[in-house]
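Work through the exercises below with the sequence and the model open. Try each task before reading its solution.

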Amino acid sequence: MNADRLTITPSATEPIYRQIGSQLRRLIASGQLSAGEELPSVRDVAVQHAVNPMTVSRAYSQLEAEGLLTRLRGRGMVVAQSAHAILSPEQRLARLQPQLADIARQARELDIPARLIVQRLRSLLEDAE
Amino acid sequence: MSAVRSSETSADSSIRCERITKRYAGQMVLRGVSLEMTRGTVLGLIGRNGAGKTTLIRILLGLEQPDEGRAFVLGEPSLGLTDATKQRVGYVPQQPDAFAWMRIGDMLEFVGRQYPRWDSDFVALSLARWQISVDRRLETLSPGERQRIALIRGLAVNPDLLLLDEPASALDPVARRDLLREIVARAAETGTTVFFSTHIVSDLERVASRVVFLHDHRIVVDAALDDLADTHARLTVPAGSPALSASQVAGEVSRRRQTDGSVTLVIARAGGAEWPEIVAAPGARLDALNLEDLFIEIAR
């Protein structure tokens with residue numbers, strides 16, 4: 001992953017370490033960052049975004065404590081093998097958000113009542129179980 | 001924050017101020033300022049013009065003498081810094097005007113000879129990046145160019161401690177970002193301790209790990225920037241609220257009466273502690289603050 005995939009807004013009330021943490025969580029949840037993928041070094045993120053290195057390492061340490069990242073000797077931080085499973089169902093659901101939004105839009109265009117869509121979705125989910 | 005400390009200087013402390021007070025012609029400039037900074041910290045000092053920022057930096061460097069209290073830099077008293085310690089300190093003044101008659105190249109060479117760790121590659125690279133010719137005389141430079149030269153000079157000594165007084169005031173946004181990146185790279189790679197004053201709050205929010213706010217000649221906020229949203233907040237209490245009868249709310253930093261009679265306070269708490277009871281008073285509202293809000297709320 002490249003350091004410039006992160007967006008940092010210094011004037012936000014959300015502290016910068018939390019901005020970094022929530023973006024990485026989202027990227028992992030949506031599968032844009034997969035298990036084993038290397039994160040940019042603390043120095044790279046700090047210099048790229050002109051933010052304090054301790055702030056970056058605090059974000060990394062927090063995700064490491066949550067089990068989402070693993071520190072590998074000689075390679076720095078990588079996305080943990082189990083990272084995906086650790087995320088809550090809501091966080092994993094976020095990955096389906098574009099498809100769900102698309103279905104909702106098409107249902108409106110086709111004038112299908114929400115009740116029918118939910119019914120069909122439920123039966124599909126139950127079939128799969 | 002203002003706890004009494006022993007006069008033994010710990011090896012880890014890069015800067016220490018003990019109850020510094022300074023007056024000019026009877027005018028108070030600093031009132032009982034105490035501060036300690038460990039190695040590797042990037043500390044941003046904010047405050048309005050005239051709050052005493054420059055005086056504090058000059059006292060740290062031993063360029064001025066406090067009326068009361070003491071300052072230490074890298075373990076030595078500021079008023080008796082040895083040459084060996086001076087060589088480990090980089091200083092960028094707000095209005096660099098020394099050696100104005102000299103050519104840039106000559107000045108940098110002259111200064112460089114006095115510093116064993118002088119990095120002439122860094123000087124050459126920076127001059128090229130900022131497109132400044134070494135043949136020009138310092139007095140012919142624009143304020144922005146002069147500030148860049150002062151930065152090159154302060155950074156080329158590869159300091160353990162870097163003191164910057166409003167380093168970005170005359171820089172354009174691109175040069176400012178270059179400077180912030182340089183500060184960050186040094187903090188990350190060599191653990192350089194950086195103490196910089198500014199009133200550009202967004203710069204401070206990016207690069208600092210700690211913020212100290214000088215107001216009315218004393219320190220009113222001294223906080224880890226990452227925790228600021230947890231430790232400081234704005235409390236608005238409606239007009240005539242009986243909850244405000246107490247003369248001072250626990251953790252009160254500042255208080256301001258609005259035109260509609262309501263009162264806004266900035267309140268602080270230790271990380272993880274509870275807010276005072278008043279935040280639950282009828283009609284009271286607690287808002288998160290970013291640094292700029294905080295600055296304006298207190299300094300207005």
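**Exercise 1. Helices across the chains**

In what kind of crossing, left-handed or right-handed, does α2(A) pass α6(B)? The model is predicted, so local features need pLDDT of at least 70 and side-chain atom pairs count only at pLDDT 80 or more, while totals for chains, interfaces and linings use all residues. Residues are numbered from 1 along each chain as its sequence is written, and chains are lettered from A and ligands numbered from 1 in the order in which they are written.

Solution.
- Locate the elements. Helix α2 of chain A covers residues 42-49, and helix α6 of chain B covers residues 173-190. Helices (H or I, at least four residues) and strands (E, at least two) are DSSP runs, numbered from the N terminus.
- Take the axes. Those of α2(A) and α6(B) come within 8 Å and cross at roughly 160°. Axes are lines fitted to C-alpha atoms, for helices over the stretch in contact, and angles run from 0 to 180 degrees between N-to-C directions.
- Name the arrangement. α2(A) and α6(B) are therefore roughly antiparallel to each other. The cut-offs: under 35 degrees is roughly parallel, over 145 roughly antiparallel, 65 to 115 roughly perpendicular, and the rest oblique.
- Give the hand. The crossing of α2(A) past α6(B) is right-handed. A crossing is left-handed if the near helix is turned anticlockwise from the far one by less than a right angle, and right-handed if clockwise.
- List the residues. A:Val42, A:Arg43, A:Ala46 and A:Val47 in α2(A) meet residues of α6(B), among them B:Arg181, B:Val184 and B:Ala185. Contact requires C-beta atoms, placed from the backbone, within 7 Å.
- Sort them. The contact of α2(A) with α6(B) has 6 nonpolar, no polar and 3 charged residues. Ala, Val, Leu, Ile, Met, Phe, Trp, Tyr, Cys and Pro count as nonpolar, Asp, Glu, Lys and Arg as charged, and the others, Gly among them, as polar.

**Exercise 2. The chain A side of the interface**

How many residues does each chain give to the contact, and which elements of chain A take part?

Solution.
- Chain A gives 17 residues and chain B gives 22.
- On the side of chain A that touches chain B, α2 and α3 (53-65) of chain A give two or more residues.
- That side of chain A has 11 nonpolar, 4 polar and 2 charged residues.

**Exercise 3. A hairpin in chain A**

Describe the pairing of β1(A) with β2(A), then the turn.

Solution.
- Strands β1 (residues 69-72) and β2 (residues 76-79) of chain A run antiparallel, joined by 4 bridges. Two strands pair if DSSP finds at least two bridges between them.
- A:Leu72 stands opposite A:Gly76 in β2(A).
- The two strands β1(A) and β2(A) form a hairpin with 3 residues between them. In the turn, A:Gly74 has a positive phi of about 80°.

**Exercise 4. Two domains in chain B**

How far apart are the C-alpha centres of domain 1 and domain 2 of chain B?

Solution.
- Chain B is divided into domain 1 (13-216) and domain 2 (227-299). Such bounds come from an automatic or database domain assignment.
- The C-alpha centres of these domains of chain B lie 34 Å apart.
- In the contact, 8 residues of domain 1 of chain B face 5 residues of domain 2 of chain B.
- On the domain 1 side of chain B, α7 (201-207) and β9 (210-215) each supply at least two residues.
- That side of domain 1 of chain B divides into 5 nonpolar, 1 polar and 2 charged residues.

**Exercise 5. An open sheet in chain B**

Which strands stand at the edges of the sheet β12-β13-β11-β14 (chain B), and which helix packs on that sheet?

Solution.
- The sheet is open, has 4 strands and pairs antiparallel.
- β12 (252-257) and β14 (285-288) of chain B are at the edges, each with a single partner strand, so one side of each lacks a neighbour in the sheet.
- Neighbouring strands of this sheet are turned by 20° against each other on average, direction ignored.
- β12(B) pairs with β13 (residues 263-268) of chain B over 5 bridges, in the antiparallel sense. B:Arg256 has B:Thr264 as its bridge partner in β13(B).
- Helix α9 (residues 291-299) of chain B packs on the sheet, touching β11 (232-237), β12 and β13 of chain B. The direction of α9 makes about 120° with that of β13(B).

How values were computed:
Two residues are in contact if their C-beta atoms, placed from the backbone, lie within 7 Å.
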